[in-house]
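Welcome! Take a moment to look over the chain below, and then read on for a short guided tour.

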Amino acid sequence: MSKIISTLSKMWLKVTNLEKSLFPELQETLGALSTKEQKLIKILDFAEVEQFIYDVHTTNIAKDRVYHPN
């Protein structure tokens, strides 16, 4: 039971930190956040989606991508 309480405490602390640090910064940049936007941010934070985002680089150089009409 204490393990569950500890996990819930960590989750609550994470939500509180989001609301105190990230939300004000986002609101300053984007304007007021809707309830749905706040929920989405919390869900994405819990899911830790940044682990699955990779930096993709184009393999050919820019001059090779220039359009050359016939």
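This report goes from the whole chain to a surface patch, and then to a few single residues.

**The whole chain**

Keep in mind that this is a predicted model. The protein chain holds two helices and zero strands. Of its 70 residues, 9% count as buried. Its accessible surface comes to about 6600 Å², and carbon and sulfur atoms account for 61% of that surface.

**A nonpolar patch**

Which residues make up the nonpolar patch on the surface? They are M1, I4, I5, L8, M11 and F46, and together they offer about 630 Å² of accessible area. Helix α1, which covers residues 2-30, gives the largest share of this patch, with four residues. F46, another member of the patch, is found in helix α2 instead.

**A closer look at helix α2**

Helix α2 covers residues 35-47. How far apart are its end C-alpha atoms? They are 18 Å apart. You can check this yourself: at 1.5 Å a residue, the 13 residues of α2 should span 18 Å, so the two values agree. If you wonder how the sum works, the expected span is 1.5 Å times one less than the number of residues.

Besides F46, K42 is also found in helix α2. Leaving out residues up to four places away in sequence, K42 touches V15, L18, E19 and F23. K42 and K14 are 28 residues apart along the chain, and their C-alpha atoms are separated by 9.0 Å.

**Just after the helix**

Follow the chain onward and α2 is followed by E48, a residue in the segment after the helix. What is the sign of phi in E48? It is positive, near 50 degrees, in a residue other than glycine.

**Buried, exposed or in between?**

Here are the three residues from the second half of this tour, with their relative accessible areas.

| Residue | Place | Relative accessible area |
|---|---|---|
| K42 | helix α2 | 21% |
| E48 | segment after α2 | 32% |
| F46 | helix α2 | 33% |

Buried means under 20% and exposed means over 50%, with partly exposed in between. K42 has a value of 21%, so it counts as partly exposed. E48, at 32%, is therefore partly exposed too. F46 is partly exposed because its value is 33%.

Notes: Residues are numbered from 1 along each chain as its sequence is written. This is a predicted model: local features need pLDDT of at least 70, side-chain atom pairs count only at pLDDT 80 or more; totals for chains, interfaces and linings use all residues. Side-chain values use heavy atoms; hydrogens and water are left out. Patches are made of residues with over 30% relative accessible area and no salt bridge: like charges are joined within 9 Å, nonpolar side chains (Val, Leu, Ile, Met, Phe, Trp, Tyr) within 5 Å. Accessible areas come from the Shrake-Rupley method with a 1.4 Å probe; for residues, only the protein chains shown count as cover. A salt bridge is a side-chain nitrogen of Lys or Arg within 4 Å of a carboxyl oxygen of Asp or Glu. Buried means under 20% relative accessible area, exposed over 50%, partly exposed in between (1.4 Å probe, protein chains only). Contact means heavy atoms within 4.5 Å.
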